[in-house]
Amino acid sequence: MGLITISDHIHDIAENSINAKAKNVKITIKETDDKFYFSVEDDAGGIRPEILEKIFDPFVTTRKKEIRRVGLGLPFLKQATELTGGYTKINSEIGKGTKVEALFYKSNIDCQPVGDLTGTFFTLLLNNSLNWEIERCLNEECYVITSESIKTYLGEIDSPQKMMVLKELIEELENSIKT
């Protein structure tokens, strides 16, 4: 396994929302020259209090034991953010949903690279079973991409050609905020 990046953490947390049967997931990214903040918010029904209080323990998982014995995503994220002087927070309300927030200080020598956000967004947006909203800001420049806007623009992503157009669209959006 290669170097873990911040985009890998985003993908992992978003996968938790998918696995929890969320219908709507909002990813917010606010990046500056020194900070990288992200949140993943879902409507999957929340995390039970007894699980929430142990959520950062790497030896606690809600997955079936035969699949994986430990849940490493959140403990690794917490460790990665705190190594930079940042934080990981989780707010969850039963019946409503969960919001995971993470802040990295990019100037810290221990900060992981941002990684391939375009690839992460592309992979997540291919999941047609839920509604995505991704808000991405780099300094003062921002864009928003949603499942709804993609369906309006491309219809269902049901061919390699449409997948290519989606990937190019995300790349264009990402490039538009880097100039």
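Q: What's the handedness of the disulfide between C137 and C142?
A: Right-handed, because the torsion about the S-S bond of C137 and C142 is about 110°. Keep in mind that this is a predicted model.

Q: How far is it from S to S in that C137 to C142 link?
A: The S to S distance for C137 and C142 is 2.1 Å. A disulfide is a covalent bond between the sulfur atoms of two cysteines.

Q: How many disulfides does the structure hold?
A: Just one disulfide.

Q: OK, and C137, is that buried or exposed?
A: Buried: C137 has 6% relative accessibility, and the cut-off for buried is under 20%.

Q: What about its partner, C142: how accessible is that?
A: C142 has a relative accessible area of 43%, so this cysteine counts as partly exposed.

Q: Why is C111 left without a bond to another cysteine?
A: Because of distance: the closest cysteine sulfur, in C137, is 18 Å from the sulfur of C111, and that is too far for a bond.

Q: And is C111 buried or exposed?
A: C111 is buried, at a relative accessible area of 15%.

Q: Switching to strands. Which way do β1 and β5 pair, parallel or antiparallel?
A: Parallel. β1 covers residues 24-31 and β5 covers residues 131-138, with eight bridges between these strands. One of the bridge pairs matches N24 with N131 in β5.

Q: How about β1 with β2, parallel or antiparallel?
A: That pairing is antiparallel, over seven bridges, with β2 running through residues 35-42. In β2, E41 stands opposite K26.

Q: What joins β1 to β2?
A: A hairpin, through three residues.

Q: Now T98. Which strand is T98 in?
A: T98 belongs to strand β4, residues 97-105. This threonine is buried, with a relative accessible area of 9%.

Q: Which side chain does the T98 side chain make a polar contact with?
A: With the side chain of S92, at 2.8 Å.

Q: What else is T98 in contact with, leaving aside neighbours within four places in sequence?
A: Besides S92, the contacts of T98 are V40, E41, D42, G46, I47, I90 and N91. E41 is also the residue that stands opposite K26.

Q: Next, the core. How many residues are in the largest nonpolar core?
A: There are 41 residues in the largest nonpolar core, and I27, F36, F38, F104, L125 and W132 have the most contacts inside it. In soluble globular proteins, nonpolar side chains tend to be buried together.

Q: Take F38, then. What is F38 in contact with, leaving aside neighbours within four places in sequence?
A: The contacts of F38 include I6, H9, I10 and I13, then T28 and I29, and also L77, V100 and F104.

Q: Zooming out, how many helices and strands does the protein have?
A: Six helices and six strands. Along the sequence they follow the pattern α-β-β-α-α-β-β-α-β-β-α-α.

Q: How compact is the protein for 179 residues?
A: As compact as a globular protein of that length, because its radius of gyration is 16 Å, close to the 16 Å from the globule rule. The C-alpha trace spans about 45 × 35 × 30 Å along its principal axes.

Q: What share of the 179 residues is buried?
A: Buried residues make up 41%.

Q: And what share of contacts with a separation of 6 or more comes from residues 24 or more positions apart?
A: Those account for 61% of such contacts in the protein.

Methods. Residues are numbered from 1 along each chain as its sequence is written. This is a predicted model: local features need pLDDT of at least 70, side-chain atom pairs count only at pLDDT 80 or more; totals for chains, interfaces and linings use all residues. Side-chain values use heavy atoms; hydrogens and water are left out. A disulfide is a pair of cysteine sulfur atoms within 2.5 Å. Buried means under 20% relative accessible area, exposed over 50%, partly exposed in between (1.4 Å probe, protein chains only). Helices (H or I, at least four residues) and strands (E, at least two) are DSSP runs, numbered from the N terminus. A polar contact is a pair of N or O atoms within 3.5 Å; within protein, one must be able to donate a hydrogen and the other to accept it, and residues adjacent in sequence count only if both atoms are side-chain atoms. Contact means heavy atoms within 4.5 Å. Two strands pair if DSSP finds at least two bridges between them. A nonpolar core is a set of buried Ala, Val, Leu, Ile, Met, Phe, Trp, Tyr and Cys residues joined through side-chain atoms within 4.5 Å. The radius of gyration is taken over C-alpha atoms; the globule rule is 2.2 Å times the number of residues to the power 0.38.
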